[in-house]
Amino acid sequence: MRRATAVLALVALVAAPACSKGEGAPRPTVAASFFPLAEVARAVAGRDADVIDLTPPGQDPHGLTELTATAIAGADVLVHLGRGFQPAVDELAASFEGKVVDGLEALPVVDDDVHVWLDPTMLGKIATAVADALSEADPDHAEAYASNVQRYLVQLSNLDRRLVAGLSTCARNIIVSAHAAWRYFTSRYRLEQEPLAGVSPGEPPAPGRAEELVALVRDAGVTTVFREPLVPDGPISALAATTGARIATLDPLEGRVDTGPGGTYIELMGRNLSALRSALGCR
């Protein structure tokens, strides 16, 4: 009897590691190309995976031009936006051996404008794709990832409802912005963007664009023009000085500037809502 018990104990000891990925298994890692995608990845990963943001705080993601394979070494999932938004990341994605999520797939991208994350409903679709990729990379925690993404989708839905309600009764509907980041946001919330520069924040204004905006601000009764945290204030300050409009901050969330508390995607979009309601005379 003692011999049979010893044999069973030995079998259990040998079999135990095979029953679980578990004890001592490395946590999966998600490499996200910039702030909004890292936010999504953290929400989906929860306590079961690590997240790396490839764009350092305070850096414009368009300026991430030098990136070596060591930046994503050991990652299991890579999340990025294609269409040349960050060519250095696209290059790594082409040879990445793990799961790759291109957040622009299956989204209605217009004119290669990639600012889809400013529409929370579009960001929700990216979150679902990240959850699917993490579940494939780490099936032991698939149930947790599914639960996490559902929780985050509810938060994004609540944000969307706040934006709809907060921007539906405004005296004005024109957003004069530093660059053309707000196509999807303004389409969703029935506003109109009038940018100084083009889709890339480093792109200079077209000839005569500043003069066009001076006339627009005066004729349409625009009271506020918007600066951005990662874009030099000079051109917007000049527009404000010429027209008498005040300057406020509208953050397209292309990079995390303030690394302190209160700086999640949802919290920062709440700040944008407050800035817009004040500028547009919303009731």
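These are my notebook entries on a predicted model of one protein chain.

**Entry 1: the whole chain**

I began with the overall make-up. The chain holds nine helices and eight strands. I looked up its extent and found that the C-alpha trace spans about 95 × 40 × 35 Å along the principal axes. Of the 283 residues, 46% count as buried. I then turned to contacts between residues at least 6 apart in sequence, and noted that 58% of them join residues at least 24 apart.

**Entry 2: helix H2**

I took helix H2, residues 35-45, next. How many of its 11 residues are buried? I found nine, so I record H2 as mostly covered, buried meaning under 20% relative accessible area. The buried residues are Phe35, Pro36, Leu37, Ala38, Glu39, Val40, Ala41, Val44 and Ala45.

I then asked what covers these buried residues of H2. The cover includes the strands E1, E2 and E3 (77-80), together with the helices H4, H5 and H9 (265-280). Gly46 follows H2 and has a positive phi, near 60 degrees.

**Entry 3: the packing of H2 on H5**

I examined one of these neighbours, helix H5 (residues 142-166), in its own right. The axes of H2 and H5 are 7 Å apart, and the two helices pack at an angle of about 125 degrees. That angle makes H2 oblique to H5.

Which residues meet here? From H2 I list Glu39, Val40, Ala43, Val44 and Ala45; from H5 I list Tyr145, Asn148, Val149 and Tyr152. Among the H2 residues in this contact, Glu39, Val40, Val44 and Ala45 also stand in the list of buried residues.

**Entry 4: Leu167**

I moved on to Leu167, which is found in the loop between H5 and E5. Is Leu167 buried or exposed? Its relative accessible area is 6%, and I enter it as buried.

I looked up its contacts, leaving aside residues up to four places away in sequence. Leu167 touches Phe185, Tyr189, Leu191, Leu273, Leu276, Arg277 and Cys282. I also noted Leu280: its C-alpha lies 8.5 Å from that of Leu167, although the two are 113 residues apart in sequence.

**Entry 5: helix H7**

Helix H7 covers residues 209-220, which makes 12 residues. From its first C-alpha to its last it reaches 16 Å, close to the 16 Å expected at 1.5 Å a residue.

I listed the buried residues of H7 as Arg209, Leu213, Val214, Leu216 and Val217. Why do they fall on the same side of H7? They cover an arc of only 165 degrees around the axis, and this places them on one side. In general, an α-helix has 3.6 residues a turn, so residues three or four places apart point the same way.

The face turned away from the buried side carries the exposed residues Glu211, Arg218 and Asp219. I then looked up what the buried residues pack against: the strands E5 (174-177), E6 (192-195) and E7 (224-227), and helix H8 (234-243). Just after H7, Gly221 takes a positive phi of about 70 degrees.

**Entry 6: salt bridges**

I counted 10 salt bridges in the model. Side chains of opposite charge can pair when their charged atoms come close. I followed three of the pairs.

The side chains of Arg27 and Asp50 meet at 2.9 Å, N to O. Arg27 lies in the loop between helix H1 (2-19) and strand E1 (29-32), and Asp50 in strand E2 (residues 50-53), so the pair ties together parts that are 23 residues apart in sequence. Arg27 is partly exposed at 40% relative accessibility, and Asp50 is partly exposed at 34%.

Asp113 and Arg183 form a salt bridge at 3.2 Å, N to O. Asp113 sits in the loop between strand E4 (99-102) and helix H4 (120-137), and Arg183 in helix H6 (residues 183-189), so this pair ties together parts that are 70 residues apart in sequence. Here I found Asp113 buried, at 1% relative accessibility, whereas Arg183 is partly exposed at 29%. I noted further that Asp111, Asp113 and Arg183 are linked in a network of salt bridges.

Finally, I looked up Arg227 and Asp233, whose closest N and O atoms are 3.0 Å apart. Arg227 counts as partly exposed at 22% relative accessibility, and Asp233 counts as partly exposed at 31%.

Technical notes. Residues are numbered from 1 along each chain as its sequence is written. This is a predicted model: local features need pLDDT of at least 70, side-chain atom pairs count only at pLDDT 80 or more; totals for chains, interfaces and linings use all residues. Side-chain values use heavy atoms; hydrogens and water are left out. Helices (H or I, at least four residues) and strands (E, at least two) are DSSP runs, numbered from the N terminus. The expected span of a helix is 1.5 Å times one less than its number of residues. Buried means under 20% relative accessible area, exposed over 50%, partly exposed in between (1.4 Å probe, protein chains only). The arc is that of the directions from the helix axis to the C-beta atoms. Contact means heavy atoms within 4.5 Å. A salt bridge is a side-chain nitrogen of Lys or Arg within 4 Å of a carboxyl oxygen of Asp or Glu. Axes are lines fitted to C-alpha atoms, for helices over the stretch in contact, and angles run from 0 to 180 degrees between N-to-C directions. Angles under 35 degrees count as roughly parallel, over 145 as roughly antiparallel, 65 to 115 as roughly perpendicular and the rest as oblique.
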